[in-house]
Amino acid sequence: MKTLKLGIIGGGLMGREMASAIGRWAALTDAPVRLELTAVCDLVEKVRDWFRAIPTVKLLTADHRELLASDVDVVYVAVPHHLHQALYLDVLNAGKSLFAEKPFGIDLEAATTIRDTAVNLGRFVRCSSEFPFLPGVQRAIRYLQSGALGRVLEIRSGFWHASDLDPTKPVNWKRQVRTCGEIGVMGDLGMHAVHVPFRMGWFPKRVYAQLQKIYTERPDGKGGMAPCDTWDNALLHCDVDIQNAQGVVTDADVPMRIEMKRLAPGEMNSWYIEVLGTDGGVRYSTKEPKTVWIFRRAKEQAWERYDIGMSESAFPVVTGGIFEAGFPDCFQQMLAAFAAEHEGALKGRFGCVTPDEAVRSHQLFTAALASHAEKRAIALE
Ligand SMILES: NC(=O)c1ccc[n+]([C@@H]2O[C@H](COP(=O)([O-])OP(=O)(O)OC[C@H]3O[C@@H](n4cnc5c(N)ncnc54)[C@H](O)[C@@H]3O)[C@@H](O)[C@H]2O)c1
């Protein structure tokens with residue numbers, strides 16, 4: 001089996017998650033390619049030290065140029081948002097494929113530059129968003145593609161966190177505009193919320209946004225306080241024209257609500273999607289990770305509850321078919337989809353976020369900033 005050598009730039013929370021997913025690659029029984037982690041770059045020595053436990057890692061460095069000069073084929077970059085553009089472009093210019101992290105640049109201009117550079121250089125680039133790769137969400141996506149909804153009534157998709165409700169939680173780079181971006185929580189959680197709707201072809205033509213900043217300063221971890229100037233919660237009320245395969249609009253002005261919240265009481269890491277139609281509907285939330293609800297309108301109307309195990313993973317695994325999936329599983333499934341698409345072997349399965357989709361997400365979030373500032377709906381192309 002062919003081996004793709006992967007390097008990681010940024011060995012923090014997500015860099016380690018990547019290493020963990022590659023470390024149990026053998027769990028995938030039908031992967032078209034093997035991934036091997038060979039090089040890691042992080043500025044912090046203690047962070048780099050954790051990767052010493054991984055025998056395939058031959059290079060640990062604080063200089064990403066050294067990593068890019070090595071024989072890695074693919075680079076996963078997981079660093080603060082203000083560094084995305086410079087590091088992603090260095091990866092592309094070094095001739096490597098890129099597995100990017102969201103939000104794919106700190107703003108629309110950065111995202112567009114990264115996308116256009118990848119196209120001009122002919123590089124393979126995808127962006128991370130793992131929740132659609134949970135087996136339950138895969139079932140929900142197949143349902144959405146089946147046409148069973150009938151006329152689409154409304155779409156809701158969101159991602160909620162709760163830990164920022166605690167005002168004593170220290171500030172970090174994700175809570176400051178300089179490092180996280182003006183789009184704040186939309187950059188942090190938004191790619192997760194738009195991935196499935198965008199892949200279904202549901203692109204907003206208009207958005208009205210409600211953005212909230214709740215805590216404007218937080219402990220700096222050194223006994224003082226630091227500014228916390230990003231948007232905490234964002235509700236995007238969108239209009240979508242749904243088209244059929246021939247490009248004819250079948251459902252006009254369908255309401256689509258995209259919700260991204262850092263202050264959602266009781267919601268530790270809740271990703272959800274709900275789509276309602278005249279004939280059917282589907283509901284999924286990571287709150288009940290193996291459960292998919294499907295609505296049927298027959299003589300009687302009913303919401304049916306289905307338990308979905310690992311047997312419905314897009315990429316088969318050794319894990320028992322009735323066992324439930326968790327975060328490490330969907331992250332590994334996403335990585336399998338990246339590797340398969342890299343090798344031209346996705347075979348119609350659901351793929352990772354494309355650079356075009358990432359740019360579209362920035363177009364939506366930029367319009368949302370304008371909408372909130374001007375207190376009016378903003379049209380999108
Ligand atoms: N897909 C997801 O579910 C998910 C979850 C969390 C974060 N993220 C994204 O992943 C990225 C990283 O977030 P994180 O939570 O892992 O951050 P983190 O702060 O935990 O880790 C970032 C790491 O990057 C290192 N770093 C900074 N500058 C560097 C440089 N020039 N060269 C090498 N290393 C450098 C830091 O030392 C740190 O270890 C962000 O884009 C974030 O939005 C994605």
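**View 1. D307 and R305 meet through their side chains in a salt bridge.** In this predicted model, the N to O distance for the D307 and R305 pair is 3.9 Å. R305 has a relative accessible area of 47%, so this arginine counts as partly exposed. Have a look at this pair before moving on to the other charged partners.

**View 2. E374 pairs with R376 in a salt bridge.** Here the closest N and O atoms of the two residues are 2.7 Å apart. Both partners can be placed by their accessibility: E374 is at 41% and counts as partly exposed, while R376, at 44%, is partly exposed too.

**View 3. K169 reaches D164 in a salt bridge.** The N to O distance between these side chains is 2.7 Å. Is D164 buried or exposed? Its relative accessibility is 0%, and because buried means under 20%, D164 counts as buried.

**View 4. Five residues are linked in a network of salt bridges.** The members are K205 and R206 together with D239, D241 and D253. For the wider setting, the structure holds 33 salt bridges.

**View 5. The ligand sits in the largest pocket.** How many residues surround the ligand? There are 23 of them, and the closest are D42, H81, K102, E130 and K174. Sorted by class, the shell around the ligand is made up of 12 nonpolar, 6 polar and 5 charged residues.

**View 6. M14, S128 and W173 each place a polar atom by the ligand.** At M14 the partner is a polar backbone atom, 2.9 Å from an oxygen atom of the ligand. S128 contributes an N or O atom of its side chain, and a nitrogen atom of the ligand is 3.2 Å away from that atom. W173 also takes part through its side chain, where an N or O atom is 2.8 Å from an oxygen atom of the ligand. How much of the ligand does the protein bury? Taken alone, the ligand exposes 850 Å², and the protein buries 85% of that area.

Conventions:
Residues are numbered from 1 along each chain as its sequence is written. This is a predicted model: local features need pLDDT of at least 70, side-chain atom pairs count only at pLDDT 80 or more; totals for chains, interfaces and linings use all residues. Side-chain values use heavy atoms; hydrogens and water are left out. A salt bridge is a side-chain nitrogen of Lys or Arg within 4 Å of a carboxyl oxygen of Asp or Glu. Buried means under 20% relative accessible area, exposed over 50%, partly exposed in between (1.4 Å probe, protein chains only). A residue is near a molecule or strand if one of its heavy atoms lies within 4 Å of it. A polar contact is a pair of N or O atoms within 3.5 Å; within protein, one must be able to donate a hydrogen and the other to accept it, and residues adjacent in sequence count only if both atoms are side-chain atoms. Accessible areas come from the Shrake-Rupley method with a 1.4 Å probe; for residues, only the protein chains shown count as cover. On a 1 Å grid over the protein atoms alone, a cavity is a set of points where a 1.4 Å probe fits but cannot get out, and a pocket is an open set with protein on both sides within 12 Å along at least five of seven lines; lining residues have an atom within 4 Å of a point. A molecule sits in a cavity or pocket if more than half of its atoms lie within 2 Å of its grid points. Ala, Val, Leu, Ile, Met, Phe, Trp, Tyr, Cys and Pro count as nonpolar, Asp, Glu, Lys and Arg as charged, and the others, Gly among them, as polar.
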